[in-house]
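Here is a short tour for anyone meeting this structure for the first time. Take a look at it, and then we'll walk through a few spots together.

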Amino acid sequence: MDRTIITGGTPLRGEVQIGGAKNAALPILASTILGGGECVMTNVPRVVDVVTMGKLLGILGAKVHYEGNCAVINAAVITSTQAPYDLVKTMRASVLVLGPLLARWGEATVSMPGGCAIGSRPVNLHLAGLAKMGADVSMEHGYIRAKAKRLTGAQIYCDTPTVTGTENLMMAASLAQGTTVIENAAKEPEIVDLANFLMKRGARIDGAGSDVITIEGVRELHGSDHDVIPDRIEAGTYLVAGAITRGTVTLNRCRPNHMDALLMKLREAGVEIQVDKEQIHLNAGSPLKGIDIRTLPYPGFPTDMQAQMVALMTVAEGTSVITETVFESRFMHVEELRRMGADIKVEGNRAVVAGPTKLAGAPVMASDLRASAGLVLAGLAAEGTTEILRVYHLDRGYERMEEKLRGLGATITRHKEGAAPADNC
Ligand code: EPZ
């Protein structure tokens, strides 16, 4: 398994280009199943989860061609409606093929994604919504089996705003008979990007980005091209890299208007930030202040930036309380940060961080995608050398991270050692 080795202490300086959003690309790729025409997607991040989604579409019979950050998919012919456990266990977002398969082909068999390092990750809201649209949904030997001659529009209320649940139901409703209203829908920019792509292909969707989405089903969708929105979590991660090393970094090709909560919190912590339409300039010259953070569904503070901010708060002056309200066990990075000298206590769903700490480099273990990012950031600030094991988690959501950080002056190298195990989150 690969290791990443960092020698910390260098303030990062320079510019970094942000890639396409993993969490927009995944539902957009899955949605190609909904229609027969060719779909050409650009600004697609070359990360492991996107490669896995391409493999899944290929297993289902679609024609899949990836070239650099471009993906060309034609799902006119589907030879299977089964998403196998072996693949789903490596990427829970595989569940995103459930709605499209059911809507276009009348059936789907998708392995239950199972839990992962950050929580139990149920999909009950996905299934309840599809059942309301007339699907016959059952569980057999760890697989979700869903059938429907043709889905019918329904009034669906989600108990909690679920991102992939909203995406699955919006895709399924695109081809249903009649109108579907999804209430308490998730509002993430990735959902808006998916809706924009579907509308270019003939779908009739209103309200994406709000908590009530109305979809009027159509008979079929055609192909289209689409440029995936920039990744707001990758962007946030590089901002924290600049802040934790007290550096001066500029992010290019990002969307500041998708990052309001994070930018406000970084400013509250004493970081200087200027934004243009597609650029963010950060200057972290002055001392950092400890602040309180509460993760919430969008537009609240993103849970996918929680681990990165816990790392940042370890070097800030004062006490910070970070409350995780979205997932039940997303503090796996804390024990590893404590190994680097951080003073953090976890009490239920709160991490109480006392700073500032002079972090010391140490061997640490990555556990999931965003926890790994938090450990990299701590390594960039720590005195001495940090060795991050199981760093394959990073590759699921960050394209060429070591290279991009070296471009900002970091001393960071990747050491390849054997294949990564297949595990899920
Ligand atoms: C998406 O996961 C993202 N993944 C996650 O990013 C992100 O952390 C999460 O949304 C929250 O923003 C993708 O978009 C591929 P949810 P998702 O359904 O859709 C509960 C990353 O690091 N829930 O919005 O799986 C659930 O337990 C990944 O890029 C149900 O109870 O998350 C959680 O508490 C990690 N029943 C809450 O809702 C359901 O049927 C939010 O989960 C579905 C969800």
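## Where two helices touch

Let's begin with a meeting of side chains: His333, Glu336 and Leu337 in H11 touch Ala371, Gly374, Leu375 and Ala378 in H12. Keep in mind that this is a predicted model. Helix H11 covers residues 332-339 and helix H12 covers residues 369-381, and their axes come within 9 Å and cross at roughly 20°. Angles under 35 degrees count as roughly parallel, so H11 and H12 are roughly parallel to each other. Their crossing is right-handed.

Which residues of H11 are buried? They are His333, Val334, Glu336 and Leu337. The buried residues of H11 pack not just against H12, but also against H10, strand S20 (343-347) and strand S22 (363-365). After H11 comes Gly341, with a positive phi near 100°.

## A second partner for H12

H12 also has a meeting with H8. The axes of H8 and H12 come within 9 Å, crossing at roughly 20°. That makes these two roughly parallel as well, and H8 passes H12 in a right-handed crossing. On the H8 side, the contact is made by Ile233, Thr237, Val240, Ala241 and Ile244. On the H12 side, Arg370, Ala373, Leu377, Ala378, Leu380 and Ala381 take part. If Ala378 rings a bell, that's because H12 also uses Ala378 to meet H11, while here Ala378 belongs to the contact with H8.

## Salt bridges across the chain

How many salt bridges does the structure hold? There are 22. One of them links Arg396 to Asp49, with the closest N and O atoms 2.9 Å apart. Arg396 sits in the loop between helix H13 (392-395) and helix H14 (401-407), while Asp49 is in helix H2 (residues 48-59), so this pair ties together parts that are 347 residues apart in sequence. Both Arg396 and Asp49 are buried.

Lys404 and Glu234 make another salt bridge, with 2.7 Å between the closest N and O atoms. Here Lys404 lies in helix H14 and Glu234 in helix H8 (residues 232-244), so the pair ties together parts that are 170 residues apart in sequence. Are these partners buried or exposed? Lys404 is buried, with a relative accessible area of 11%, and Glu234 is buried too, at 4% relative accessibility. The cut-off for buried is under 20%.

## A salt bridge inside one helix

Back in H11, the side chains of Arg338 and Glu335 meet in a salt bridge, at 3.4 Å from N to O. Both residues lie in H11, three residues apart, which is about one turn of the helix. Why does that spacing matter? An α-helix has 3.6 residues a turn, so residues three or four places apart point the same way. Arg338 is partly exposed, with a relative accessible area of 39%, and Glu335 is partly exposed as well, at 48% relative accessibility.

Some salt bridges also share partners: they join Asp2, Asp395, Glu402, Arg414 and Lys416 into one network.

## A buried charge without a salt bridge

Now for Asp193, which is in helix H7 (residues 189-200). Asp193 is buried yet has no salt bridge. The nearest side chain of opposite charge is Arg255, 6.5 Å away; a salt bridge needs the atoms within 4 Å. Leaving aside neighbours within four places in sequence, Asp193 is in contact with Ala24, Ile28, His226, Asp227, Val228 and Ile229.

## Two buried loop residues

Loops hold buried residues too. His258 lies in the loop between strand S15 (248-252) and helix H9 (260-268), and counts as buried at 13% relative accessibility. Apart from neighbours within four places in sequence, His258 is in contact with Pro189, Ile229, Arg232 and Tyr298.

Pro302 is in the loop between strand S18 (293-294) and helix H10 (306-313). At 15% relative accessibility, Pro302 is buried. Again leaving aside neighbours within four places in sequence, Pro302 is in contact with Arg232, Ile233, Thr295 and Leu296. So where do these two loops share a neighbour? Arg232 is in contact with His258 and with Pro302. Finally, the C-alpha atoms of Pro302 and Met259 are separated by 8.9 Å, although the two are 43 residues apart along the chain.

Terms used:
Residues numbered from 1 in each chain as written. Predicted model: local features only at pLDDT ≥ 70, side-chain atom pairs only at ≥ 80, totals over all residues. Heavy atoms only, no water. Helix = DSSP H or I, 4+ residues; strand = E, 2+ residues; numbered from the N terminus. Buried < 20%, exposed > 50% of the residue type's maximum accessible area, 1.4 Å probe, protein only. Lys, Arg positive; Asp, Glu negative; His and termini not counted. Contact = heavy atoms within 4.5 Å. Axes fitted to C-alpha atoms, helices over the stretch in contact; angles between N-to-C directions. Parallel < 35°, antiparallel > 145°, perpendicular 65-115°, else oblique. Left-handed = near helix turned anticlockwise from the far one by under 90°.
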